[in-house]
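Please open the structure in a viewer and keep the selection tool at hand. This tour proceeds stop by stop, stating what to select and what is found there.

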Amino acid sequence: MGIQLSDLQKLRQEPSGAGRAQIAQKVASEFSEGKFGASEKQVAIEIFRLLVSDTEVQVRKMLSKQLAHSLEAPHDVILKLAQDITEVALPVLENSYVLSEDDLIAITRSTKDAAVMTSIAKRDTVSRELSQALLQKSNISVIETLLKNKSASIDDDGLNQIYATCSDDTPSVLELMVKRGGLPVTLAEKLFVAVSDEMKKVLTHHYKLSLQVADSTTKDIRELATLGLVDGDMRTMDITKLINQLYQQGRLTLSIIIRSLCLGDMRFFEQAMAKLADVPVVNARLLVLDQGDSGFEALYRTSCLPMELYPATYYLLKIALEETSYGRFQCNDFRHRLASRLSQDDAAQEIEYMDYLVTLIRNTVYDTPAA
C-alpha cells in the first residue's frame, strides 16, 4: 500500500468512525511490518498524529493495538495512547518498548486504575524501580500480577514491603511469594509461620528451615500456652512461682516478656522484669509506671535484655499502660487494640527492630484465643 500526503486530506474528510478505524488498522499494520519506505513512513506518522486525537474511541483503540509492538512508532504518539482511557492505553502499556521506564513510572504514580497498573506489571521486563513504584500503590491484584511475573525484578526491600502489606489477611499473596522464590532467609522464616503446610514444605526444601524454624515455632506455641495459664484469677504468688520456674529453665526470654505485653498482662510483665533485674516486684512496678522513660530504662538495662530492642519495647509498654489503665485491668480485646494502634501509627515503623516485635505481636494476636 503506497501512501501520500494527499491521503491525509482524505482521512480528514472521512466522516465514519468505523472508516477511520479501518484506515488506522491498515496503515499502522503495514507500518509495523516495515512495508513503507522513508517518505511513506513520514506520511504514516502524520496520520498517526492525527488519529491519536480522534474523537472515536474505536479509532484510538485500533491504533494502540496495531502500534503496541512497533519499535519505530513515534514516542509522542505512543505516550499519548498510554495516557488515554483504559481500553485504549492497555495494549501499549503492556507491550510497547517505545515507552521509557520514566514514562511508565510517571504513569504508575499518577494513576489509581488497577487495570493500568496490572498491565504494566505484566510487561516482559519490569525493573526494580518500576516494581517499587507499583508496590507503593498497595493494590493486591497488582502485587499478585507482579509476583507471578518472573521477569519482574523485586528486591529484598520490595519483598518485605509486600509482606508488610499483605501478611494480615491475604494468604494468596504469601503463597505466591513462596512459589516465586528468591526470598531473603529472614523473610522466609516469617512466612513459615504464616503459610499453609504445603507451602511450609516448599520453604523447608528451598531454605533449609525445617530445624531452625520448627524449633522457633515450637517455642512460640510453648510460650503462648504458658501465657494462657495466666488469667485474672491467678494468684500473685502463683505467677511468682511460674516466673521462677521459667527462669530456672532458661525460658524467661525477651519474646515471652514481649508476648505478655501483647496480651496486656502487666502482672506477668512486671514480675518477669523484676526477676531478670533481681529487684523486688514492688520496685519493678514503680519503675514500669514511671511517667518518664528513665525509670523503666534503668529497670530494662539492669535486666540485661538487649538494649537495641529497648525503644521498641518501651513503645509497646506505653500502649499497654494506656490500654490497661496503668495495669488496673486487662481487657479482652487488648491484642486487637494494640494491632490497630500499630497499623495507624506511622512513627512506630521508624523504631529500630519494631519489625521483629511486630512479628511476635501478629503471632500472638492470631494464634492465641481471646481471654
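**First stop: Gln66**

Select Gln66, which is buried at a relative accessible area of 18%; buried means under 20% relative accessible area, exposed over 50%, and partly exposed in between, with a 1.4 Å probe and protein chains only. The model is a predicted one, in which local features need pLDDT of at least 70 and side-chain atom pairs count only at pLDDT 80 or more, while totals for chains, interfaces and linings use all residues. Residues are numbered from 1 along each chain as its sequence is written, and side-chain values use heavy atoms, with hydrogens and water left out.

Gln66 belongs to helix 4 (residues 57–67). Helices (H or I, at least four residues) and strands (E, at least two) are DSSP runs, numbered from the N terminus. Which residues does Gln66 touch, not counting residues up to four places away in sequence? They are Gln25, Ala28, Ser29 and Ser32, where contact means heavy atoms within 4.5 Å.

**Second stop: Phe31 and Phe48**

Next, select Phe31 and Phe48. Their ring centres are 5.1 Å apart and their planes stand at 90°, so this pair is edge-to-face. Rings of Phe, Tyr and Trp (its six-membered ring) pair if their centres lie within 6.5 Å; planes under 30 degrees apart count as stacked, over 60 as edge-to-face and the rest as tilted. Phe31 is in helix 2 (residues 17–32) and Phe48 in helix 3 (residues 38–51), so the pair ties together parts that are 17 residues apart in sequence. Phe31 is buried, with a relative accessible area of 2%, and Phe48 is also buried, at 0%.

**Third stop: Phe296 and Tyr310**

Now select Phe296 and Tyr310, an aromatic pair that is stacked, with 5.9 Å from centre to centre and 25° between the planes. Phe296 sits in helix 20 (residues 294–302) and Tyr310 in helix 21 (residues 310–323), so the pair ties together parts that are 14 residues apart in sequence. Phe296 counts as buried at 0% relative accessibility, and Tyr310 counts as buried at 8%.

Extend the selection to Phe269, Tyr300 and Tyr314: ring pairs link these residues with Phe296 and Tyr310 into a cluster. How many aromatic pairs does a search of the whole structure find? It finds seven.

**Fourth stop: helix 17 and helix 21**

Keep helix 21 in view and add helix 17 (residues 254–262). Two packed helices are described by the angle between their axes and the distance between the axes. The axes of helix 17 and helix 21 come within 9 Å and cross at roughly 30°. Axes are lines fitted to C-alpha atoms, for helices over the stretch in contact, and angles run from 0 to 180 degrees between N-to-C directions. The angle makes helix 17 roughly parallel to helix 21; angles under 35 degrees count as roughly parallel, over 145 as roughly antiparallel, 65 to 115 as roughly perpendicular and the rest as oblique.

Leu254, Ile258 and Leu261 of helix 17 meet Thr313, Leu316, Leu317 and Ala320 of helix 21. By class, this contact has six nonpolar residues, one polar and no charged. Ala, Val, Leu, Ile, Met, Phe, Trp, Tyr, Cys and Pro count as nonpolar, Asp, Glu, Lys and Arg as charged, and the others, Gly among them, as polar.

**Fifth stop: helix 7 and helix 8**

Select helix 7 (residues 101–110) and helix 8 (residues 114–121), which pack at an angle of about 150° with their axes 9 Å apart. Helix 7 is therefore roughly antiparallel to helix 8. On the helix 7 side, Leu104, Ile107 and Thr108 meet Val116, Met117 and Ile120 of helix 8. Five nonpolar residues, one polar and no charged make up this contact.

Within helix 7, select Asp103, which is buried at 13% relative accessible area. Asp103 touches His75, Leu79 and Val98, leaving aside residues up to four places away in sequence. The C-alpha atoms of Asp103 and Leu79 are 7.6 Å apart, although the two residues are 24 residues apart along the chain.

**Last stop: Ser138 and Cys304**

Most residues other than glycine have a negative phi, and most peptide bonds are trans. Select Ser138, in the loop between helix 9 (128–135) and helix 10 (140–148); its phi is positive, near 55°. Ser138 is partly exposed, with a relative accessible area of 40%. Finally, select Cys304 in the loop between helix 20 and helix 21. Cys304 has a positive phi of about 65° although it is not a glycine. Is Cys304 buried or exposed? Cys304 is exposed, with a relative accessible area of 68%.
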